[in-house]
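This report describes the fold of one protein chain and the setting of selected residues within it. The sequence and the structure are shown first.

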Amino acid sequence: MAELLKENGVYTHLTTDHNHYFEDGGAAYHTRYNSWEFARGQEGDPWKGEVK
């Protein structure tokens, strides 16, 4: 659906905690959207603090 919307001029954004979408073998799922954002999730991903 997101890919069809994007192709027809509708801005789409993905916010997810599934790191599989960004990993090799994840079928580049996130590229179907105009923009995307990864938020730390609950899949056992190690928390790493960021200093900005």
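The text below moves from the chain as a whole to its strands, its surface and some individual residues.

**Overall description**

The model is predicted. Its chain has a mean pLDDT of 78, and 69% of its residues reach 70 or more. Among the elements, helix 1 has the highest mean pLDDT, 88, and strand 2 the lowest, 86.

One helix and two strands are present in the chain. Their order along the sequence gives the pattern α-β-β. Of the 52 residues, 19% are buried. The accessible surface of the chain is about 4400 Å², and carbon and sulfur atoms account for 51% of this area. Among contacts with a separation of 6 or more, 27% are between residues 24 or more positions apart.

**The two strands**

Strand 1 spans residues 13–16, and strand 2 spans residues 35–38. The two run parallel and are joined by four bridges. In one of the pairings, Leu14 has Trp36 in strand 2 as its bridge partner.

Which side chains of strand 1 point to the buried face, and which to the other? Leu14 and Thr16 share one face and are buried, whereas His13 and Thr15 point to the other face and are not buried. In a regular strand, side chains alternate between the two faces of the sheet.

Thr16 belongs to strand 1. Its relative accessible area is 7%, which is under 20%, and Thr16 is therefore classed as buried. Beyond its neighbours within four places in sequence, Thr16 contacts Tyr21 and Phe22, as well as Glu37, Phe38 and Ala39. Arg40 is 24 residues from Thr16 in sequence, and the C-alpha atoms of Thr16 and Arg40 are 8.3 Å apart in space.

In strand 2, Ser35 offers a second buried position. Ser35 counts as buried because its relative accessibility is 17%, under the 20% limit. With residues up to four places away in sequence left out, Ser35 touches Tyr11, Thr12, His13 and Leu14.

**The N-terminal segment and the surface**

Met1 is located in the segment before helix 1, and this helix covers residues 2–7. Is Met1 buried or exposed? Met1 counts as exposed because its relative accessibility is 72%, over the 50% limit. Met1 also belongs to a nonpolar surface patch, together with Leu4, Leu5 and Val10. The accessible area of these four residues together is about 400 Å². Although Met1 and Tyr33 are 32 residues apart along the chain, their C-alpha atoms are separated by 9.8 Å.

**The loop between the strands**

His20 is part of the loop between strand 1 and strand 2. With a relative accessible area of 45%, His20 lies between the limits of 20% and 50%, so it is classed as partly exposed. The C-alpha atoms of His20 and His30 are 9.8 Å apart, with these positions ten residues apart along the chain counted as their separation.

**Accessibility of the residues described**

The table brings together the relative accessible areas given above.

| Residue | Relative accessible area | Class |
|---|---|---|
| Thr16 | 7% | buried |
| Ser35 | 17% | buried |
| His20 | 45% | partly exposed |
| Met1 | 72% | exposed |

**Summary**

The predicted chain combines one helix with two strands, and the strands run parallel. Thr16 in strand 1 and Ser35 in strand 2 are both buried. Met1, by contrast, is exposed and contributes to the nonpolar patch on the surface.

Methods
Residues are numbered from 1 along each chain as its sequence is written. This is a predicted model: local features need pLDDT of at least 70, side-chain atom pairs count only at pLDDT 80 or more; totals for chains, interfaces and linings use all residues. Side-chain values use heavy atoms; hydrogens and water are left out. Buried means under 20% relative accessible area, exposed over 50%, partly exposed in between (1.4 Å probe, protein chains only). Contact means heavy atoms within 4.5 Å. Patches are made of residues with over 30% relative accessible area and no salt bridge: like charges are joined within 9 Å, nonpolar side chains (Val, Leu, Ile, Met, Phe, Trp, Tyr) within 5 Å. Accessible areas come from the Shrake-Rupley method with a 1.4 Å probe; for residues, only the protein chains shown count as cover. A salt bridge is a side-chain nitrogen of Lys or Arg within 4 Å of a carboxyl oxygen of Asp or Glu. pLDDT is the predictor's confidence in each residue, from 0 to 100. Two strands pair if DSSP finds at least two bridges between them.
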